[in-house]
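I opened a new notebook page for this chain. My plan was to go from the whole fold to one helix and then to charged pairs.

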Amino acid sequence: MRRVVLPVASLCMMIGRSIESQAPTKPARPARITAAIVDSAQRTSDSVTLRIVNTELRTAVQVVQQYLDKPVIFTGPSSGPQVTLEPPRAVARADVPRLLRGLLDSQGYEFIEDTASGTYRARPRAQAPVQPTFSTNPAPQNSEQ
């Protein structure tokens, strides 16, 4: 009887394996949960802490650029003046362009979005040329007689 039991047991194991291999597979839930955890982590870290002290303007722009959605093209005659930027608390990532625009504006630069190239441009603000003023009426002359 012992010889009969072993073949039956192995036959049952083979039938069980073939049934498992034919069963439809379900999508893996852990992958979705992992993605949800990553998404929620990205949502909660949407603020940044900036501390830029006595740094050249060009370098400060490069540091802040990592928090922007587009690269920054910095143009100008030099590296710019020394600047300090220390917000009192964390800044929302969406407010970083506004903060950088304020920093550049205070130093005489403009910060514009170039939609054609998909970049931001930081450049010295264009100086309006000084136009000479001409008067059609001659100035009255004081003459003492």
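The entries below record what I looked up, in order.

**Entry 1: the whole chain.** I noted at the start that this is a predicted model. I counted the elements and found 4 helices and 7 strands. Read from the N terminus, their order is α-α-β-β-α-β-β-β-α-β-β. The chain has 145 residues, and 19% of them are buried. Its accessible surface is about 11600 Å². Carbon and sulfur atoms hold 55% of that surface.

I then looked at contacts between residues with a separation of 6 or more. Of these, 62% join residues 24 or more positions apart.

**Entry 2: helix H3.** Which residues of helix H3 are buried? In this helix, residues 57-65, I listed Leu-57, Ala-60, Val-61 and Val-64. These four span an arc of only 100 degrees around the axis, so they lie on the same side of H3. I added a textbook note: an α-helix has 3.6 residues a turn, so residues three or four places apart point the same way.

Next I asked what covers the buried residues of H3. The cover includes four strands and a helix, which I wrote down by name: E2 (52-56), E3 (72-74), E4 (82-85), H4 (96-106) and E6 (109-114).

**Entry 3: salt bridges.** As a reminder to myself, side chains of opposite charge can pair when their charged atoms come close. A search of the whole structure gave 6 salt bridges. I wrote up three, including the pair of Glu-113 and Lys-70.

In that pair the closest N and O atoms are 2.1 Å apart. Where do the two partners sit in the chain? Glu-113 belongs to strand E6, and Lys-70 is in the loop between H3 and E3. They are 43 residues apart, so the pair links distant parts of the chain. Glu-113 is partly exposed at 43% relative accessible area. Lys-70 has a relative accessibility of 18% and counts as buried, because the cut-off for buried is under 20%.

The pair of Asp-95 and Arg-98 has its closest N and O atoms 3.7 Å apart. Asp-95 is partly exposed, with 29% relative accessible area. Arg-98 counts as exposed at 54%.

I also wrote up Arg-121 with Asp-114, where the closest N and O atoms are 2.8 Å apart. Is Asp-114 buried or exposed? I found Asp-114 buried, with a relative accessible area of 16%. Its partner Arg-121 is partly exposed at 26%.

Note on methods: Residues are numbered from 1 along each chain as its sequence is written. This is a predicted model: local features need pLDDT of at least 70, side-chain atom pairs count only at pLDDT 80 or more; totals for chains, interfaces and linings use all residues. Side-chain values use heavy atoms; hydrogens and water are left out. Buried means under 20% relative accessible area, exposed over 50%, partly exposed in between (1.4 Å probe, protein chains only). Helices (H or I, at least four residues) and strands (E, at least two) are DSSP runs, numbered from the N terminus. The arc is that of the directions from the helix axis to the C-beta atoms. Contact means heavy atoms within 4.5 Å. Accessible areas come from the Shrake-Rupley method with a 1.4 Å probe; for residues, only the protein chains shown count as cover. A salt bridge is a side-chain nitrogen of Lys or Arg within 4 Å of a carboxyl oxygen of Asp or Glu.
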